[in-house]
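Colleague: Please take a close look at the interior of this model. I want to know how its buried parts and its main pocket are built.

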Amino acid sequence: MISDRVLGARVIRTVLRAEAEAVTALHARARATYYPGGVPQDGTDWLAAWRAAVERPDGQVLCLVEDGRMVAIASFRTPPDASAETVKLYQFHVDPDAWRSGVGTALHTACVEQWRTDGRRTAVLDVHVDNERAQAFYARQGWVPDPDNPPAGGDHHLFLRYRVPGE
């Protein structure tokens, strides 16, 4: 588990179950920016999903708190049918008010440090095809198209891979 990392007025730490509503609200604000017609209502109970993510014994949810306000979240765990050396970044969101402030990079760095500590060698994720801002962010961090998971016709996600640097 990650211990609190203090970066000036920023703290990166594990999310608490009691914070699921704050995480859900941040998630909704971030997602609303890359769905031009609004966030699709697919019936997902995101509050329940975030509570479950925080409680999973095989995963972790980190947040970056700046001046007492949660401004970024990251959720990751070993994906089904993957080796223990692989981690999947399921959710990574930065509050739109904090874009281009270094928050995303700081949280990503903390994730990579945790993956390295956990013995992970590879990270994978999928990103919505319309989320060009996130795609550019991930490319700057060193993510590349996943050769084992090329885009399929009609799929709304791109699959990316990251080689976790060794010590």
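Modeller: Cys111 is buried, at a relative accessible area of 0%. This is a predicted model. Cys63 also counts as buried, because its relative accessibility is 0%, under the 20% cut-off. The structure holds 0 disulfides.

Now the packing. The largest nonpolar core has 29 residues. Leu89, Phe92, Trp115, Tyr138 and Trp143 have the most contacts inside this core. Two or more of its residues come from each of these elements: strand 3 (59–66), strand 4 (69–77), strand 5, helix 3, strand 6, helix 4 and strand 8 (157–163). Helix 3 gives the most to the core, with 7 residues. In general, nonpolar side chains tend to be buried together in soluble globular proteins.

Take Tyr138 as one example. Setting aside neighbours within four places in sequence, Tyr138 is in contact with Leu89, Phe92 and Trp143. Those three, like Tyr138, are among the residues with the most contacts inside the core. Leu125, Val127 and Leu160 are also in contact with Tyr138. Another core, of 10 residues, lies apart from the largest one. Val15, Leu26, Cys63 and Ile73 are among its members.

Next, the pocket. The largest pocket has a volume of about 790 Å³. Its lining has 34 residues. Tyr34, Phe92, His93, Asn131 and Ala134 lie nearest the centre. Phe92 therefore appears twice: in the largest nonpolar core and in the pocket lining, a core member being a buried residue by definition.

Which elements each supply at least two residues of this lining? They are helix 1 (20–32), strand 5 (86–94), helix 3 (103–117), strand 6 (122–128) and helix 4 (132–141). Strand 5 provides the largest share, 6 residues. Strand 5, helix 3, strand 6 and helix 4 also each give two or more residues to the largest core. By class, the lining has 17 nonpolar, 11 polar and 6 charged residues.

Last, a residue of strand 6: Thr122. Is Thr122 buried or exposed? Thr122 counts as buried, because its relative accessibility of 17% is under the 20% cut-off. Not counting residues up to four places away in sequence, Thr122 touches Glu85, Thr86 and Val87. Thr122 also touches Arg161, Tyr162 and Val164.

Methods: Residues are numbered from 1 along each chain as its sequence is written. This is a predicted model: local features need pLDDT of at least 70, side-chain atom pairs count only at pLDDT 80 or more; totals for chains, interfaces and linings use all residues. Side-chain values use heavy atoms; hydrogens and water are left out. A disulfide is a pair of cysteine sulfur atoms within 2.5 Å. Buried means under 20% relative accessible area, exposed over 50%, partly exposed in between (1.4 Å probe, protein chains only). On a 1 Å grid over the protein atoms alone, a cavity is a set of points where a 1.4 Å probe fits but cannot get out, and a pocket is an open set with protein on both sides within 12 Å along at least five of seven lines; lining residues have an atom within 4 Å of a point. Grid points are joined across faces, edges and corners, and a volume is the space filled by probe spheres set on the points. Helices (H or I, at least four residues) and strands (E, at least two) are DSSP runs, numbered from the N terminus. Ala, Val, Leu, Ile, Met, Phe, Trp, Tyr, Cys and Pro count as nonpolar, Asp, Glu, Lys and Arg as charged, and the others, Gly among them, as polar. A nonpolar core is a set of buried Ala, Val, Leu, Ile, Met, Phe, Trp, Tyr and Cys residues joined through side-chain atoms within 4.5 Å. Contact means heavy atoms within 4.5 Å.
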